[in-house]
Amino acid sequence: MSLNGKVALVTGGAQGIGRAVVQSLLQSSAKVAVVDLNKTCGEESKAQLDAEFGEGNCNFIPCDVSNGDALRDAFQRTVEQFGRLDIVINNAGINNEKNWEKTIQVNLTSVIKGTYLALEHMSKEYGKEGGTIINVSSMAAFLHSPHQPVYTATKHGVIGFTRAMADASSQGDYGVRINVLCPAFVDTPLLHSVEHEDNMGKFVKFKDDFKRSMNKFGVLQPALIAEGMMRLIVDSTLNGAVMKITCSKGIHFHTYEPMSA
Ligand SMILES: NC(=O)C1=CN([C@@H]2O[C@H](COP(=O)(O)OP(=O)(O)OC[C@H]3O[C@@H](n4cnc5c(N)ncnc54)[C@H](O)[C@@H]3O)[C@@H](O)[C@H]2O)C=CC1
Ligand SMILES: CCCCC/C=C\C=C\C(=O)C/C=C\C/C=C\CCCC(=O)O
């Protein structure tokens, strides 16, 4: 699939799932802005991507997505450098039950802000040409993981917000498709957060339960999540879709009962 001439912005793109998605976007000839808090990882990643795909196709923008002004600047810089914006992946996320207010800021508030900023740059409402937004939730939104209550709440929130905005987009003719992706466990640094009291707070005593759960359900590779993401990006029929990716069923979609009258 070619995304030649398209410009993407990926939050949390310096490592893990975001890094794999950036790689797939560059392979499809898109230009990509990597927006991430981690400067070391972001700069290392950009150097590797420049070597593989050539300079000028990807830029790294250091930014804490929970800082609204910094996030706004990151969108502005992307458009200034690449001239347009077509694809926004709100992927940055943390697993922190101890500092649970921060988890809400990063996983939910920043996804909402990222979606609104994306619309300012892509929606026909603002005189732009349209585009696509993908917000990253988690299978935690379906599993109700007992030792991650706030993480689970944020991931529920991402699904509800995204589906509501998808309806707003189709009713308001924004020309922007808005979908959500829910991976099961993925082999990234985030999974190691279960080991640390700083992340899990009082739930750290359940770390062996977490590991049993990972053994039971299995752990996916980031490349499969990137494959699902690319399907959401290119399939022009999808809006308000909830893609799930699990070891047992692979890439599939959640189905909802139709609303009763
Ligand atoms: N790894 C997993 O098992 C699963 C992860 N997810 C979700 O996928 C998304 C990506 O997670 P992973 O790649 O696994 O995590 P990760 O920890 O490997 O990577 C997350 C990236 O986001 C960046 N980031 C964190 N806070 C940020 C902030 N405030 N501002 C800017 N960048 C920030 C980090 O620096 C890092 O580069 C998250 O939303 C996570 O909740 C969903 C389901 C499963
Ligand atoms: C049990 C919780 C472990 C916590 C590990 C740390 C972070 C995990 C982040 C996630 O987003 C994943 C959380 C839960 C869902 C995972 C798997 C469900 C699989 C369901 C299935 O295969 O049917």
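## Model and confidence

The chain has a mean pLDDT of 96, and 100% of its residues reach 70 or more. The structure is a predicted model. For the complex, the predictor gives an ipTM of 0.97 and a pTM of 0.98.

## Ligand 1

The shell around ligand 1 holds 29 residues, and the closest are D36, N91, Y151, V186 and T188. Sorted by class, this shell has 17 nonpolar, nine polar and three charged residues.

Two of the polar contacts of ligand 1 involve the protein backbone. A polar backbone atom of V65 lies 2.9 Å from a nitrogen atom of ligand 1, and a polar backbone atom of V186 lies 2.8 Å from an oxygen atom of the ligand. The side chain of Y151 also takes part: one of its polar atoms is 2.6 Å from an oxygen atom of ligand 1. On its own, ligand 1 exposes 820 Å², of which the protein buries 94%. Two or more residues of the shell come from each of the helices α1 (16-27) and α6 (149-172).

## Ligand 2

Around ligand 2 there are 18 residues, with S138, Q148, Y151, V194 and F210 the closest. Two side chains make polar contacts with oxygen of this ligand. For S138, an N or O atom of the side chain is 2.6 Å from an oxygen atom of ligand 2. For Y151, a polar side-chain atom is 2.5 Å from an oxygen atom of ligand 2.

Ligand 2 has 610 Å² of accessible area when taken alone, and the protein covers 91% of that area. The elements that supply two or more residues to its shell are α5 (140-143) and α8 (207-217). The largest share, four residues, is from α8. The shell comprises twelve nonpolar and six polar residues, with no charged residue.

## Y151 and the two ligands

Y151 is listed among the closest residues to ligand 1 and also among the closest to ligand 2. A polar atom of the Y151 side chain lies 2.6 Å from an oxygen atom of ligand 1, and a polar side-chain atom of Y151 lies 2.5 Å from an oxygen atom of ligand 2.

## S123 in the loop after α4

S123 sits in the loop that runs between α4 (100-122) and β5 (131-136). Its relative accessible area is 0%, so S123 is classed as buried. The S123 side chain reaches the backbone nitrogen of E125 at a distance of 3.0 Å. When neighbours within four places in sequence are left aside, the contacts of S123 are A118, K128, Y174 and V176.

## Positive phi at S29 and D173

Two residues other than glycine have positive phi values: S29, near 75 degrees, and D173, at about 55 degrees. S29 is in the loop between α1 and β2 (31-36). Because the relative accessibility of S29 is 39%, this residue counts as partly exposed.

D173 belongs to the loop between α6 and β6 (176-183). The helices before these two loops, α1 and α6, are the elements that give two or more residues to the shell around ligand 1.

Notes. Residues are numbered from 1 along each chain as its sequence is written. Chains are lettered from A and ligands numbered from 1 in the order in which they are written. This is a predicted model: local features need pLDDT of at least 70, side-chain atom pairs count only at pLDDT 80 or more; totals for chains, interfaces and linings use all residues. Side-chain values use heavy atoms; hydrogens and water are left out. pLDDT is the predictor's confidence in each residue, from 0 to 100. A residue is near a molecule or strand if one of its heavy atoms lies within 4 Å of it. A polar contact is a pair of N or O atoms within 3.5 Å; within protein, one must be able to donate a hydrogen and the other to accept it, and residues adjacent in sequence count only if both atoms are side-chain atoms. Accessible areas come from the Shrake-Rupley method with a 1.4 Å probe; for residues, only the protein chains shown count as cover. Ala, Val, Leu, Ile, Met, Phe, Trp, Tyr, Cys and Pro count as nonpolar, Asp, Glu, Lys and Arg as charged, and the others, Gly among them, as polar. Buried means under 20% relative accessible area, exposed over 50%, partly exposed in between (1.4 Å probe, protein chains only). Contact means heavy atoms within 4.5 Å.
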